[in-house]
Amino acid sequence: MITGKTATDIFEQIRTLVQSGNYKPGDSLPPVRELAIELGINRNTVAAAYKRLADAGIAVSKGRNGTLIREQVQNTPYEGTPPGLALRDMAGGNPSPALLPKLRISSLNEKNVSKLYGEPIINMELERIGRNLLEQDLQVSYELNLTNGAVDAVERLLTCYLISGDKIAVEDPCFLSSINTIKNNRFVAIGVPVDEEGIQVSDLSAHLAAGVQAIIITPRAHNPTGWGLSATRAVQLKELLECYPQVLVIVDDHFSLLSTTDYQHIIPATTRHWALIRSTSKFLGPDIRLAFVASDTETSQHLRQRLNSGTNWVSHILQEIATATWNSPDFGQELTRAKETYWKLREHLTRCLKDYGINVSEHHDGLNLWLPLEDNSTNTVMLLAQHGWLTRGGEVFGVTQTCHGLRITISELDESTIESLAKVLAGILKVDDKHRQKIQSK
């Protein structure tokens, strides 16, 4: 029962009712006018309490449909698959373990790298490496920070500036971890369609005009499609963002050193708060979870305050391993081998699928290839599993639009398995007679 006379009292009583289970997810709160009359108070007092409940993520306003207790957040699937599966894994989104460099950890035994409070955020040599990685694509002054991977960087950056309910523009389809990060922090994801040249500017323009507070852009190796920004699209995007200097711009260049496409810079000089993120997990492995974050001074200061609530730094043991591996004589060769292998696998899969009459884009980068489907992917995923293939249905990547398709992770494939996969897919998708005869002749 609600008996409070102030906005604070009403807020606390409803929160207690939710915590005790008297109000359940989806339940409607009393209409503002009715509760105000019942309590003998001004309706603005009730409205203020309800707004605070919404801001706290306890309730959600449905306009004329009233205020409801917020449903529990339903997480989308996460990246990765459990080890030891009988199926051939094309769903996990992981780099190939065989293409990761040998980690150089001998230096840990040679000196004491365990640090105490007050140490610098980034060790000197790793900072030099990070600046070399970023400076070729940044023609402006910036400050450098280090986080526990790209997802950690994105979450910290968003919470520096945004509050519950703020709208964030993302590519649609979208990276699973970005979807989860936005949901878990009670922000609102606004999906903007992508094509082979990147995020579509006309759609983004409409959303920016409607009050989007931040945008997360993947400039290349977009997950799940593998597409990236063309030079023309990047210019259009930069010109559009110049009109919205207040919008936080986050560029997640997660595949950087392994990418086979050029980086296109889209952050205009007018943007007040921005960050370019380059992580190491794709070429050093997900467990060496580091991300360099270049940003404007104010954003850097906010980010360091967020880091300061912990030890103020990312583990210096991880930093030491990353630095030693990066500086090893074989690292460049190992990196080139991985880059070329991923390209060859994507290219071979593209060619094989096209040979069987399967529609797939020739623009690709990253660890995944996107196969569009005409309808829901569930049946295709199940049929592939019956043939021994584990795949990821495209619908989970959708934000606003329905994304029928398959995301195929290529990192654990080889030429023979690619040809077998293409043949199985052609049979499942029932390609035309001309290509079916080709299948039967093989």
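How many helices and strands does the secondary structure of the protein chain come to?

## Overall architecture

In this predicted model, the secondary structure of the protein chain comprises 16 helices and 15 strands. The chain has a radius of gyration of 25 Å, close to the 22 Å given by the globule rule for 442 residues, so it is as compact as a globular protein of that length. Along the principal axes, the C-alpha trace extends over about 80 × 60 × 45 Å.

## Burial, contacts and surface

Of the 442 residues in the protein chain, 49% are buried. Among contacts with a separation of 6 or more, 74% are made by residues 24 or more positions apart. The exposed area of the protein chain is about 20800 Å², and carbon and sulfur atoms contribute 49% of that area.

## The eight-stranded sheet

Eight strands form an open sheet with mixed pairing, in the order β4-β11-β10-β9-β8-β5-β6-β7. Its edges are β4 (143-147) and β7 (198-199), each of which pairs on one side only.

At the β7 edge, β6 (residues 188-195) and β7 are joined in the antiparallel sense over two bridges. Within this region, V194 has I199 of β7 as its bridge partner.

## A helix packed on the sheet

Helix α8 (residues 201-209) packs on the sheet and touches four strands by name: β5 (167-172), β6, β7 and β8 (214-217). The direction of α8 makes an angle of about 160° with that of β6.

How values were computed: Residues are numbered from 1 along each chain as its sequence is written. This is a predicted model: local features need pLDDT of at least 70, side-chain atom pairs count only at pLDDT 80 or more; totals for chains, interfaces and linings use all residues. Side-chain values use heavy atoms; hydrogens and water are left out. Two strands pair if DSSP finds at least two bridges between them. Contact means heavy atoms within 4.5 Å. Axes are lines fitted to C-alpha atoms, for helices over the stretch in contact, and angles run from 0 to 180 degrees between N-to-C directions. The radius of gyration is taken over C-alpha atoms; the globule rule is 2.2 Å times the number of residues to the power 0.38. Buried means under 20% relative accessible area, exposed over 50%, partly exposed in between (1.4 Å probe, protein chains only). Accessible areas come from the Shrake-Rupley method with a 1.4 Å probe; for residues, only the protein chains shown count as cover.
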